[in-house]
Amino acid sequence: MTSMKILIVDDSITIRRIITNALKTVGFPDTIEAANGKDALEKLTNANVDFIITDWNMPEMNGLDFIKQVRANPIYSSLPILMITTRGTEHDVIEALQAKVNSYIVKPFTPQELKEKIEGILKTLQVNTV
Amino acid sequence: MNQQELDGILQKAADLKVFCEYGQRTVPVLDEIASFVRKITPAIEDLRAVVEVSMVNIPKAANQLGRVTQATEQASTDILNTLDRMVATLDEVIGSVATGMVSSELGAATKKMAAIVKTLVDKSGWDEDIVKLAEAWDLHLRSMRMSGPTSNLERLLKDLQNDCTEIMMALQVQDITQQHIGAVMGTIEAVAGGLQKLTNGFFGTNTEENLPQLSNLPEQTEQENVGETERKKMVESLLMKARAGQL
């Protein structure tokens, strides 16, 4: 179990619940949710978020624009971001990586896959900061 | 009438002759065009009817797809609610099994015995034999908790809980199908837009105001026709390249 607070950004309530439950089963019970990028930016300012999991296709502000806004803000620019999306073309992945997403999962995913990705990102960030 | 005037009349007569000859040549062509127009008019009317019907039916089809998405989302929410309750119940049962308190009678008896042993130890002034009895009782309790049927039950319950998680994860299909339906709806909207332009331009009718509008259509995304495993491999390969600074 870890006390890391994870912000889940997805317009589908089903997917938000699935990610929340999956995170619980792999030891990340502390989560908050947002329905789109705009909502997520507000949540970021009001909660001490340690990690972001975001979808791409969302109304109001999509995931890619949200990531760009997060990276443009010096306070959150180094916040780890994992993108979970149905968009799985090579072009999509490259676009997300260019927006400086830390890692990428194409739906459907398993709790184990989610855990490995999160731990992988955290490990990489630790190595880079040492 | 002088020569000059005569020449003028002759010139006009020549011009009239050319015009008449031209008319003789063009009249059959104009007749053919008129005949062609008469023939294609019913076809154009048929096409207009088809387009107008399509303009009404295409948005209807898109709305029906939208309702499919809503229905599956509602079903997914209901299933998730049930699974949440099942997982919570299983948590409670696993907790009871893990502490060896499956039967309330067994639990009450165990607690009573534990209290008696503790009193005995206290009253005996930590008599060596009584302390040994307390230690033996403690060992007995531990072995009871780790006994075959109980630990087996705990394992089975955890398996059930894992099954619940798997069902939950399988519900991702709702979101995935929603995205694909969104792409189809995007295509339908494009076709409807094309037909609208056709009716406005070709038939000179503006059907835009009378037609139901497709709203809130998700963005259409082009997806490569590859399997899940191949796609995940591709993603990992790109992530590795990005980490190595090769993107």
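**Entry 1: the elements of chain A**

I began with the secondary structure of chain A, where I found 5 helices and 5 strands, and I noted at once that this is a predicted model. Following the sequence of chain A, I wrote down the order of these elements as β-α-β-α-β-α-β-α-β-α. I then looked up burial, and of the 130 residues in chain A, 43% are buried. For the contacts in chain A with a separation of 6 or more, I noted that 62% join residues that are 24 or more positions apart.

**Entry 2: strand β4 and its partners**

Next I turned to β4(A), in which 4 of the 5 residues are buried, so this strand is largely enclosed by the rest of the structure. On looking up its pairing, I found that β3(A) and β4(A) run parallel and are joined by 3 bridges, with Ile53(A) standing opposite Leu82(A) of β4(A). The pairing of β4(A) with β5(A) is also parallel, and I noted 4 bridges for it, with Ile84(A) standing opposite Ile105(A) of β5(A). I also followed the chain from β4(A) through α4(A) to β5(A), and recorded this β-α-β crossover as right-handed. For β3(A), α3(A) and β4(A), I wrote down that they make a right-handed β-α-β unit.

**Entry 3: helix α3**

Which residues of α3(A) are buried? In this helix, which spans residues 63–72 of chain A, I listed Gly63(A), Leu64(A), Phe66(A), Ile67(A) and Val70(A) as buried. They lie on the same side of α3(A), because the arc they cover around the axis is only 160°. I set beside this a general point, that an α-helix has 3.6 residues a turn, so residues three or four places apart point the same way. I then asked myself what covers the buried residues of α3(A). The cover includes the strands β1 (6–9), β3 (51–54) and β4 (81–85), together with the helices α2 (37–46) and α4, of chain A.

**Entry 4: where chain A touches chain B**

Last, I looked up the contact between the chains, to which chain A gives 25 residues and chain B gives 27 residues. On the side of chain A that touches chain B, the elements giving two or more residues are α1 (13–25), α4 (90–98) and β5 (103–106). Of these, I marked α1(A) as the source of the largest share, with 8 residues. By residue type, I noted that this side of chain A divides into 11 nonpolar, 10 polar and 4 charged residues.

Terms used. Residues numbered from 1 in each chain as written. Chains lettered and ligands numbered in written order. Predicted model: local features only at pLDDT ≥ 70, side-chain atom pairs only at ≥ 80, totals over all residues. Contact = placed C-beta atoms within 7 Å. Nonpolar A, V, L, I, M, F, W, Y, C, P; charged D, E, K, R; others polar. Buried ≥ 20, exposed ≤ 12 C-beta atoms within 10 Å, placed from the backbone. Arc of directions from axis to C-beta. Pairing = 2+ DSSP bridges. Right-handed = clockwise from strand over helix to strand, strands pointing away.
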